[in-house]
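Open the model in your viewer and keep the sequence panel at hand. Each stop below says what to select and what to look for.

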Amino acid sequence: MFKNLIFIALLFTALFGYAQENSIKKNVLNEQSVVRGEDGLVYPFNAWKKLMQTGKYGIKNRKTVTESGQPEYLIYELSADQKSAYMDKIPKPRASDSFREGELFNGLRITDMNGNKYDLRDSTGKIFVLNFWFINCPPCKSEIPQLNELVAKYKDNKDVVFLAIALDEKYDLKSFLKSTTFDYI
């Protein structure tokens, strides 16, 4: 009898908790969300999504609603401090077993898809920015404009080398790069 009573109490608690959790309305940003700029204009989904992907913008609830009762959001440019705080909060990749922080990079020999050979063992003092990607990776493709901006920013610094290591066949890469500019080696 006591076991049954405890079971019923636990069941009631679980159901009550589930009902409470589901009664809280959560706002989720999607294609139907109304996102306005600081000038009051409504941004289409693709526009505000691309802005958010740059890492230079944030979105917050305007605490207003449309005529149909849909919540409105504000997209705004992040300050340098806000960007820094955001970058500090995002998850970082785990440390690599192959490339250890603080250890001297021993280099490797590689050949690019055009047949140019590189011996990275002779590159003491250089900074290598490696990007591992593949053609059918949506996040990989969406970050290419930002990576190109990074290359342009350091174009005059010969001590910074940008290498993209692709996981695709040479033919597929050449075809892809005909329609997409990617400034990494």
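## Stop 1: strand S4 and its partners

Select strand S3 (residues 57–65) together with S4: 6 bridges join the two, and they run antiparallel. This is a predicted model, in which local features need pLDDT of at least 70, side-chain atom pairs count only at pLDDT 80 or more, and totals for chains, interfaces and linings use all residues. Residues are numbered from 1 along each chain as its sequence is written, and side-chain values use heavy atoms, with hydrogens and water left out. Helices (H or I, at least four residues) and strands (E, at least two) are DSSP runs, numbered from the N terminus. Two strands pair if DSSP finds at least two bridges between them.

Now pick Asn61. Tyr73 in S4 stands opposite Asn61. Follow the chain through the turn: S3 and S4 form a hairpin with 5 residues between them. Gly69 sits in that turn, with a positive phi of about 90°.

Stay on S3 and select Lys63. Its phi is near 65°, a positive value in a residue other than glycine. Is Lys63 buried or exposed? Lys63 counts as exposed because its relative accessibility is 76%; the cut-offs are under 20% relative accessible area for buried, over 50% for exposed, and partly exposed in between (1.4 Å probe, protein chains only).

Next, select S4 itself, residues 71–77. This strand is mostly covered, with 5 of its 7 residues buried. Add strand S1 (residues 34–36), which runs parallel to S4 and is joined to S4 by 3 bridges. Arg36 stands opposite Leu74 in S4.

## Stop 2: helix H5 and the loop after it

Go to helix H5 (residues 144–153) and select Asn148. Asn148 counts as buried because its relative accessible area is 12%. Show its neighbours: Asn148 touches Thr181, Phe182 and Asp183, not counting residues up to four places away in sequence. Contact here means heavy atoms within 4.5 Å.

Which backbone atom does the side chain of Asn148 reach? It is the backbone nitrogen of Asp183, at 2.7 Å. A polar contact is a pair of N or O atoms within 3.5 Å; within protein, one must be able to donate a hydrogen and the other to accept it, and residues adjacent in sequence count only if both atoms are side-chain atoms.

Move on to Asn157, in the loop between H5 and S8. At 33% relative accessibility, Asn157 counts as partly exposed. Its side chain reaches the backbone nitrogen of Asp159 at 2.9 Å. Draw a C-alpha to C-alpha distance from Asn157 to Ile127: the two are 10.0 Å apart in space and 30 residues apart in sequence.

## Stop 3: strand S8 and the largest pocket

Select S8, where 5 of 7 residues are buried. S7 pairs with S8 in the parallel sense over 7 bridges. Trp133 stands opposite Ala166 in S8.

Ala166 also leads to the largest pocket: with Asp112, Ala164, Ile165 and Ile185, Ala166 is among the residues nearest its centre. The lining has 22 residues in total. Strand S5 (109–111), strand S7 (127–133), strand S8 (160–166) and helix H6 (170–179) each supply at least two of them. S8 gives the most, with 4 residues.

How values were computed
1 Å grid on protein atoms, 1.4 Å probe; cavity = no way out; pocket = protein on both sides within 12 Å on 5 of 7 lines; lining within 4 Å.
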